[in-house]
Amino acid sequence: MPTIMSHALVPLALAAAAGRDVISPKLTVAGVILAMAPDADVIGFALGVDYADPWGHRGATHSLAFAVMVAGVIAAVWKEARSLAAFLFLSFAMASHGLLDTLTNGGLGAALWWPWENARVFAPVTPIRVSPIGLGFFSARGWETLVSEFKWIWLPCAALASGGWIARYAARSGSR
């Protein structure tokens, strides 16, 4: 899995690219929380849930369907999330977690297609180093993970955010 801060970058970059008029700061915070939330499934380890179980780590909570369901529930109870843009943003923010996990080079893959399929999948390419858990993060392998994430997550997110800002600036400048 990528580190939790790299998972948070995806909705931050999307919100920056779209701008405050489309994705409010409150929605951005909700997107960041949703992007990090799927890893709460690790609590299952303490409860005896097996890693490969549908509700184990990288299971149902990492699926595209789960992301859409959670965004739907949020939209039902939070007025600010009721626009199509907000719903899509929140859905993609949470879905991005499982999608990024499929790009890592370790673990069991992510159950993207749950509840229709419990198989754990990886993307055809897996360039992101899987993050060591616990104190292992503060090791040479942890540093290699951060370098990998910088290259494969942070730089593309910076490009997305910058591209959106430049496009909005150009549109404002051209309309004057």
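**Salt bridges and a nonpolar patch**

Me: Does Phe150 count as buried, partly exposed or exposed, and at what relative accessibility?
Reply: Buried means under 20% relative accessible area, exposed means over 50%, and partly exposed is in between (1.4 Å probe, protein chains only). Phe150 has 43% relative accessibility, so Phe150 counts as partly exposed.

Me: Before we go on, what kind of model is this?
Reply: Residues are numbered from 1 along each chain as its sequence is written, and side-chain values use heavy atoms, with hydrogens and water left out. Local features need pLDDT of at least 70, side-chain atom pairs count only at pLDDT 80 or more, and totals for chains, interfaces and linings use all residues, as this is a predicted model.

Me: Which helix holds Phe150, and which one gives the largest share of the nonpolar patch?
Reply: Helices here are DSSP runs (H or I, at least four residues; strands are E, at least two), numbered from the N terminus. The patch on the surface is made of Ile4, Met5, Phe150, Trp154 and Leu155, with about 450 Å² of accessible area together (Shrake-Rupley method, 1.4 Å probe, only the protein chains shown count as cover). To join such a patch, residues need over 30% relative accessible area and no salt bridge, and nonpolar side chains (Val, Leu, Ile, Met, Phe, Trp, Tyr) are joined within 5 Å, like charges within 9 Å. H1 (4–18) and H6 (140–174) each supply at least two residues, but the largest share, 3 residues, comes from the helix where Phe150 sits: H6.

Me: How many salt bridges are there?
Reply: Side chains of opposite charge can pair when their charged atoms come close. The rule asks for a side-chain nitrogen of Lys or Arg within 4 Å of a carboxyl oxygen of Asp or Glu. By that rule, the count is 2.

Me: Which residue forms a salt bridge with Arg58?
Reply: The N to O distance in this pair is 3.5 Å. The pair links distant parts of the chain, 43 residues apart: Arg58 is in the loop between H3 (43–46) and H4 (64–77), and the other residue is in H5 (residues 84–101). Both residues are buried, and the partner is Asp101.

Me: And which residue pairs with Glu144?
Reply: Glu144 is in helix H6, and its partner is 15 residues away in the loop between H5 and H6. Glu144 is partly exposed because its relative accessibility is 39%, and the partner, at 25%, is partly exposed too. The closest N and O atoms are 3.5 Å apart, and the partner is Arg129.
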